[in-house]
Amino acid sequence: MSVQVDLLLKEIGQLVTLAPPAGTPQGAPWRGPLSELATISDAALAVHEGRIVDLGPAAEVAARVQATREVSAGGGLVLPGFVDPHTHLPWLGSREAEFELRLAGKSYAEIAKAGGGIRSTTRSVRGASVDQLTEAALPRLDRMLSCGTTTAEAKSGYGLALAAERTQLEAIRALDSRHAIDLVATNLAAHEIPDEHRADRGRWLDLLCEELLPDLAGLAEFCDVFCEDHVFTVPESRRILSRAKELGYGLKIHADEIVPTGGAELAVELGAVSADHLACTGQAGIAALAASETVAVLLPGTSFYLRKSDHAPGRAMIDAGVAVALATDLNPGSSLTESLPMILTLACLQCGLTPAEALRAATLNAACAIGRGAEIGSLEVGKQADFVVWDAPNWRYLPTHFGVSLVRAVYKRGALVFNAEAAA
Ligand code: NIG
Ligand code: FE
């Protein structure tokens, strides 16, 4: 007797499930060096009510299911939808002048100290409405989808005052309901010291802990801090994140991006779900991460875009047993890209990941970095049917061909949400 299903995706040239080795607990990341991925050729995938109900060699699946609708993958490669676990999605304005300042030799920190950087975007975001922020971010989500992303994290952090941070988080909520990409919200009010508190940063820390974190707790699942030499110190970050933990937020941290500060160790100490950037993390930080549940989210687009010579030590991390994920860090100043495929290429070239490790890092491990590893990130029976058909002969090819999107079609909960032919 065959099972009735809503959709059968057939004629899959190569299906790569990214399912972790047997014995990996549900929702846990997949660690250790990896150079091969299990594949199924001439495969099919069956979906019912938005979930994967069967997959395998096409002839076997066809014998087990009766589909209301059949769709051909045209011999393409099928992978889980990408998960982007670190973006600064809602903003207004643009900062192309900073790009040229960096070409002329100025550093990100110098530009930030002179009033540029995050604070310049804050000037554009303050006073904006939820609608304005939403409309500005929708095309970014469209570009992310066209590059194969089906779920993303999105941070506030350009308001730097209660009302403006709330507006950003409300825009993230509106975007989540209006767009096919699922969003997970993070409160990053602790992104910078706003201009009006430069002279009394203690007051800003008090406001964060007493007002911005508690008042916005209902709008964000995670809380993040920019722990960096010119922003929040490790003790300040500890205070903010400890308060966030008390309030029920999951924790994230921008750590060791520009100089090593011990931010990775702080993430582990506090049980953060992820520690992000880590371009300058040393042996002690790697060892701490390896012995923890905290996922290291590498952002090679940022070191590339800021012309840094320090690249996150991805190879050493994976060899030491750290769970490694990848993200775009999409933002107007330090990594203006929606493309996770581009990030895969950079992760291989700059951080020493293998293509298999890079794909794992943008799927299952990225899902784990936002607490969604049991639902998405791999193609397994029972999981959400978020998958992408690629115009590529095999998975190894993806990081090899850079700077363009090879996405043919994107499915979210089994529904077609992007079709490259229709978009052309
Ligand atoms: O992740 N590092 C802090 N925040 C962003 C930069 C944001 C900006 O420059 O606007 C980042 O790189
Ligand atoms: Fe960031």
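Okay, let's start with a hairpin: strands S2 and S3 make one, with two residues between them. Look at glutamate 49 in that turn, which has a positive phi of about 45°. Before I go on, keep in mind that this is a predicted model.

So, what holds the hairpin strands to each other? S2 and S3, the latter covering residues 51-57, run antiparallel and are joined by six bridges. If you want a spot to click on, alanine 44 sits opposite glycine 56 in S3.

S2 has another partner too. Strand S1, residues 3-15, pairs with S2, residues 40-48, in the antiparallel sense, again over six bridges. Over there, glutamine 14 faces serine 41 in S2.

Now let's move along the chain to another sheet. How many strands does this open sheet have, and in what order? There are eight, and they go S6-S7-S8-S9-S10-S11-S12-S13, with parallel pairing. At the edges you'll find strand S6 (82-84) and strand S13 (324-326); each has a single partner strand, so one side of each is left without a neighbour in the sheet. On average, neighbouring strands here are turned by 25° against each other, if you ignore direction.

Let's zoom in on one pair from that sheet. Strand S10, residues 250-255, and strand S11, residues 274-277, are paired in parallel through four bridges. Isoleucine 253 is a handy marker, since you can see it standing opposite alanine 275 in S11. And what lies across these strands? That's helix H9, residues 263-270, which lies across strand S9 (222-227) as well as S10 and S11. Relative to S10, the helix runs at about 170°.

Last stop, the ligand. Which residues come closest to ligand 1? It has 16 residues around it, and the closest are Tyr108, Tyr158, His191, Glu257 and Ser334. That shell divides into four nonpolar, nine polar and three charged residues.

Let's go through some polar contacts. Tyrosine 108 has a polar side-chain atom 2.5 Å from an oxygen atom of ligand 1. For tyrosine 158, an N or O atom in the side chain is 2.6 Å from a ligand 1 oxygen. Then there's histidine 277, where a side-chain N or O atom is 2.9 Å from an oxygen atom of the ligand. And how much of ligand 1 does the protein bury? On its own the ligand exposes 320 Å², and the protein buries 100% of that.

That's my tour, so over to you for questions.

Terms used: Residues are numbered from 1 along each chain as its sequence is written. Chains are lettered from A and ligands numbered from 1 in the order in which they are written. This is a predicted model: local features need pLDDT of at least 70, side-chain atom pairs count only at pLDDT 80 or more; totals for chains, interfaces and linings use all residues. Side-chain values use heavy atoms; hydrogens and water are left out. Two strands pair if DSSP finds at least two bridges between them. Axes are lines fitted to C-alpha atoms, for helices over the stretch in contact, and angles run from 0 to 180 degrees between N-to-C directions. Contact means heavy atoms within 4.5 Å. A residue is near a molecule or strand if one of its heavy atoms lies within 4 Å of it. A polar contact is a pair of N or O atoms within 3.5 Å; within protein, one must be able to donate a hydrogen and the other to accept it, and residues adjacent in sequence count only if both atoms are side-chain atoms. Accessible areas come from the Shrake-Rupley method with a 1.4 Å probe; for residues, only the protein chains shown count as cover. Ala, Val, Leu, Ile, Met, Phe, Trp, Tyr, Cys and Pro count as nonpolar, Asp, Glu, Lys and Arg as charged, and the others, Gly among them, as polar.
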